Amino acid sequence: MQNASFIVNVIASVAIMFTRQSEERYRETCRSEAWALAREAGKLYLGDVRKEGLRPLAMLEPPTWEVRRAVQNEVLTAGMPFSALPVESLYRPWSAARGSNYGAQRGLYLGDAAHHVQSIYDRIGIEVPEAFAASPDHLALLLELVALFIESGNDEAACSVATDHFGWLGAYDEALETRAEKAAAARLFDDEKKAAVCEGVAHLRALVALTGELALAVARPGAAGFEQGRVRGASCLQPSNQQEYLAVCGDVR
Amino acid sequence: MTGISRRTFLRGTAATAALAAAAGSLSFGAWQAEQAHAAGDAVEEAPSLCNGCSSKCGLVATTVGGRLWTLRGSDVHPYAKGHICGRGHGLAQMAYSDERLTSPMRRTESGEFEPISWDDAFAEIGQKVKEIIAANGPESLAIIQDPRPSGKYYSKRFMNALGSPNVYAHSSSCNLSKESAYTYTIGASNYSTDFGNAKMVMFIGRSYGDGIRPSSVASLAAAAEAGTRIVSVDPRLNNSGIFSDDWVPINPGTDLAFLMAMCNVLIEEDLYDHEFVEQNTVGFEEFAAQAKECTPAWAETITDVPAERIEELARAMAAAAPAASIEAGWRAVIGCAYKNSFDTARAATAVNALLGCWGQKGGALLTSSPKAGKLDDARFDDPPKPEAKAIGAKEYPLALASAGTNVAALEAALDGRLKGMFFYNSNAAKGYAQPKAWTEALGKLDLVVTIDVQMSETALQSDYVLPECTYLERLELPEWIGGKKHFVGMRTRVLEPIHPETKACDEIFNGLAEACGVGEYFQFTAEELAAAQLKTVGVDIETIKKEGTVELADPKFAYGTPTFKTASGKFEFKTDAVGEAGLNPVIGYVERKVTPKVGEFYIVGGKQGIHSHTMTQNIAALNAISRQYNMERLWMSAKDAESLGIADGDTVELSSSEHTGTVAVRVTQRMKPGVLFLPTHYGGDSPYQTRAYQYGVALTDFIPFDAEPGVGSMMSQEVAVTVTKVEA
């Protein structure tokens with residue numbers, strides 16, 4: 001029997017992997033008990049998941065610091081040639097509101113998604129760190145928001161956030177896949193760097209796949225089995241069907 | 001659980017009760033409905049000046065809940081008159097772009113970039129600047145900037161505070177030849193056309209429909225509508241063609257021969273304004289002697305414009321005078337393209353002198369410009385003027401002193417005189433002169449620092465890249481606008497900074513100055529200086545923050561022969577200083593340097609209406625338009641295409657002495673046979689700009705590294721190219 005604490009702890013260890021970390025922090029994350037839980041979640045959720053050329057479960061194990069450093073600098077840093085930041089607004093039309101000159105544009109920060117989650121933070125008294133001022137809809141923050149609601153027993157709110165804010169993961173996964181392909185052919189990189197970026201991206205994609213499963217578990221009708229802050233593990237951890245998955249997460253698989 | 005906190009990022013007062021109470025109304029759908037209902041309450045307007053090109057048109061931005069929503073042209077600003085162009089609309093979205101620089105970057109020994117803090121960036125740059133000054137003197141430092149209201153002020157102040165006179169604008173790749181030439185002939189770097197009263201206007205290569213300033217396009221359209229005869233001398237039927245009565249396709253770089261032949265007709269047929277020439281010019285006799293040789297028949301052999309057409313145009317201009325003039329031009333043929341651009345510009349003003357149209361109704365006007373008065377706050381006092389002359393002042397003495405020639409800076413970086421360079425809002429390494437020369441030069445320097453909003457080709461080759469916030473996120477110094485009426489405009493902060501680790505121009509230079517040991521000259525903000533400057537002309541900064549553009553006291557423009565602020569006080573057909581620089585002191589014919597041989601083509605470049613050099617090519621919406629309409633294509637005449645067996649859309653290999661690239665062809669009747677046209681926005685080399693990267697080809701890659709004698713312009717079209725069809 002799994003419980004809410006399990007989900008929350010997995011989210012904590014997964015969330016930080018979508019941000020830049022110091023070497024010390026990264027090694028600490030990989031050693032932590034929480035990561036052991038993430039590994040367990042991977043087995044539960046990703047055992048049967050396959051994607052062309054990628055088996056997420058196999059790539060979920062954190063890579064070496066050298067690989068992690070390469071992917072942090074080249075993919076998780078804004079403005080770089082192979083940047084693919086996990087920020088929801090960048091993968092959605094900027095705004096659905098009427099009258100905006102820029103509403104249909106993609107690839108822009110602070111779209112509707114960002115403003116929606118910011119309104120939630122404001123409402124519950126949460127401060128967004130200054131480093132995330134342009135990206136309150138960063139995947140790491142979205143995951144922590146879901147975890148917050150789960151911890152407080154507000155299954156409905158957790159389900160709402162999971163339903164509304166994870167549908168772009170398929171587009172993000174595609175972006176990562178494209179970056180890996182381009183990095184593999186980049187004139188800028190030597191073979192070692194190419195291999196590091198590709199391995200690092202594969203790990204990110206495994207994390208995205210796991211994130212999609214977590215979001216789906218939380219977003220399932222009936223609060224995915226949350227009762228009294230606990231998860232009815234078996235039911236929520238059943239592999240989801242494709243239609244259900246697409247509705248929440250997009251085509252991550 | 002151990003080893004890691006459950007919440008790394010989200011902190012605050014979130015109480016369990018609040019979290020628990022937050023219920024279904026949190027949904028995205030509910031929020032959208034709420035926003036739609038409340039949108040009207042959060043609408044605000046704020047003014048700024050566009051950054052899409054150097055026109056800096058006034059605009060008004062509408063924000064909804066603090067987010068940029070729409071832009072429109074300022075009704076007051078004389079360049080906008082209620083409109084902004086496509087590039088202005090597109091550029092604004094840079095504020096939210098995913099390809100902006102969001103933190104300072106340092107290039108590591110392995111060549112990679114890594115984010116660093118501002119404190120570290122300032123400290124390391126300051127240390128290196130001090131080392132360079134100690135070892136080589138302050139004259140071994142230089143800055144190049146593409147002028148913006150704050151940037152041009154802070155760039156110069158920073159360099160001068162360090163003790164270096166080496167401050168350069170972008171001009172050698174833009175309008176340096178024109179501005180320098182006009183300064184010698186008419187005593188001003190520019191003039192305007194009195195379209196509202198003109199009977200005939202001739203454009204030499206310039207196209208308002210491509211390098212758009214909305215008010216200029218409106219003036220041209222109104223003049224055309226009113227029956228003004230508009231003549232376009234250009235090897236390409238450009239996008240102002242819909243307003244033109246005459247298209248005069250001419251061999252590129254031979255406009256000087258065309259203009260001298262116009263002068264020949266005006267003088268030999270006694271069609272010129274004797275009174276103006278006798279009372280307001282110097283050097284006419286020597287000029288007339290040189291023009292005598294430049295007959296229309298002679299010009300026809302050079303320009304490929306029939307002699308009869310030259311004669312007809314000259315006679316028509318004379319008949320329309322003084323309400324007829326050559327328009328002032330800007331870049332390319334008259335600005336920086338050829339060995340004879342300086343003299344081509346001088347000759348254009350000579351035609352106007354012969355027509356007697358200077359200052360006349362419907363003619364060419366010299367108007368005044370406003371400026372700030374003297375400031376009484378000692379913080380704003382200028383740093384001591386550097387003792388040394390700027391690099392290039394000796395080699396290129398005719399270059400407008402306020403612009404200098406950055407080609408000289410490039411030469412000095414190559415030969416080791418310069419050790420450190422700063423770039424502000426300038427993609428010199430791609431847009432100014434041969435990129436390979438820049439790459440070699442930047443590689444030799446001990447320190448290269450670029451301040452920009454995106455990772456340009458220049459930034460890519462820098463040691464440090466300092467991210468500026470976009471123009472909508474910053475207040476800048478006032479921009480003074482001259483003309484028949486005087487105005488002052490100013491950028492205000494329309495949006496709160498989107499990325500916290502970006503800074504405005506004044507903050508960056510203040511930080512650099514402090515780190516370099518000259519912080520004493522930077523003890524104020526741009527807003528404080530702006531307020532002081534505006535106060536001298538009776539404008540309160542709070543007023544301009546609200547209105548954006550304010551009309552100043554009426555300068556009381558009046559038609560009539562203007563005062564020429566030249567050495568002689570008159571229009572100069574002959575200038576001794578030009579002779580002292582080794583050029584013909586008298587306006588006369590100079591051949592272009594490179595003439596295509598059989599099988600080779602002339603090539604010309606130019607702007608498109610939605611782009612501004614390389615700056616806008618990575619803007620998502622503008623790049624998408626380019627790709628939608630294949631705007632990167634090389635234009636070729638239908639006649640040439642047929643003879644080479646090339647069809648519209650075919651790919652060709654384009655080659656010069658410097659470079660070979662492949663590009664698709666646009667086959668058109670709008671090109672003079674023997675000439676190719678390449679839009680000058682494409683062929684990006686920075687992989688950091690993913691939309692622009694390797695899309696199309698860049699004209700600068702094909703141009704030899706060279707400089708126009710006396711002036712130092714880049715000679716951006718002195719090259720011959722070949723075209724070979726790439727078989728599928």
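How many residues does the hairpin use to join strand 25 of chain B to strand 26 of chain B? The legends below take up that question first and then visit other parts of this predicted model.

**View 1. Strand 25 of chain B pairs with strand 26 and with strand 28 of chain B.** The hairpin from strand 25 to strand 26 of chain B passes through 4 residues. Strand 25 covers residues 651-655 and strand 26 covers residues 660-668, and the two pair in the antiparallel sense over 5 bridges. To find your bearings, look for B:E653, whose bridge partner in strand 26 of chain B is B:T662. Strand 25 of chain B is also joined to strand 28 (residues 720-725) of chain B, by 4 bridges, and these strands run antiparallel. Here B:V652 is the residue to look for, as it stands opposite B:K725 of strand 28 of chain B.

**View 2. An open sheet of 7 strands in chain B has mixed pairing.** Reading across the sheet, the strand order is 6-5-18-17-16-7-8. Strand 6 (113-115) and strand 8 (167-169) of chain B are the edge strands, each pairing on one side only. From one strand to the next, the twist averages 20°. At the strand 8 edge, strand 7 (residues 141-145) and strand 8 of chain B run parallel and are joined by 3 bridges. One pair to pick out there is B:Q145 with its bridge partner B:A169 in strand 8 of chain B.

**View 3. Helix 4 and helix 5 of chain B lie across strands of the sheet.** Helix 4 (residues 118-136) of chain B lies across strand 5 (105-107), strand 7, strand 16 (420-424), strand 17 (447-452) and strand 18 (464-467) of chain B. Its direction is at about 130° to strand 18 of chain B. Helix 5 (residues 149-162) of chain B lies across strand 7, strand 8 and strand 16 of chain B. The angle between helix 5 and strand 7 of chain B is about 175°.

**View 4. Helix 8 of chain B crosses helix 10 of chain B at roughly 110°.** The axes of helix 8 (residues 255-268) and helix 10 (residues 284-292) of chain B come within 9 Å. With that crossing angle, helix 8 of chain B is roughly perpendicular to helix 10 of chain B. The crossing is left-handed. Helix 8 of chain B brings B:M260, B:C263, B:N264, B:I267 and B:E268 to the contact, while helix 10 of chain B brings B:F284, B:F287, B:A288, B:Q290, B:A291 and B:K292. Sorted by character, the residues of this contact are 7 nonpolar, 2 polar and 2 charged.

**View 5. Helix 1 of chain A meets helix 7 of chain A.** Chain A has 12 helices and 3 strands, and buried residues make up 63% of its 253 residues. The axes of helix 1 (residues 4-16) and helix 7 (residues 139-151) of chain A come within 9 Å and cross at roughly 165°. The two helices of chain A are therefore roughly antiparallel to each other, and their crossing is left-handed. From helix 1 of chain A, the contact includes A:A4, A:I7, A:V8, A:I11, A:V14 and A:A15. Across from these, helix 7 of chain A offers A:A140, A:L143, A:E144, A:V146, A:A147, A:I150 and A:E151. This contact divides into 11 nonpolar, no polar and 2 charged residues.

**View 6. Backbone details stand out at B:P322, B:D270 and B:A433.** A cis peptide bond, with omega about 5°, joins B:A321 and B:P322. B:P322 sits in the loop between helix 12 (307-320) and strand 14 (324-326) of chain B. B:D270 is not a glycine, yet has a positive phi of about 55°. Follow the loop between helix 8 and helix 9 (274-280) of chain B to reach B:D270, which is partly exposed at a relative accessible area of 47%. B:A433, also not a glycine, has a positive phi of about 70° and lies in the loop between helix 16 (428-431) and helix 17 (435-444) of chain B. Is B:A433 buried or exposed? B:A433 counts as buried, because its relative accessibility is 3%.

Key. Residues numbered from 1 in each chain as written. Chains lettered and ligands numbered in written order. Predicted model: local features only at pLDDT ≥ 70, side-chain atom pairs only at ≥ 80, totals over all residues. Heavy atoms only, no water. Axes fitted to C-alpha atoms, helices over the stretch in contact; angles between N-to-C directions. Parallel < 35°, antiparallel > 145°, perpendicular 65-115°, else oblique. Left-handed = near helix turned anticlockwise from the far one by under 90°. Contact = heavy atoms within 4.5 Å. Nonpolar A, V, L, I, M, F, W, Y, C, P; charged D, E, K, R; others polar. Pairing = 2+ DSSP bridges. Buried < 20%, exposed > 50% of the residue type's maximum accessible area, 1.4 Å probe, protein only.
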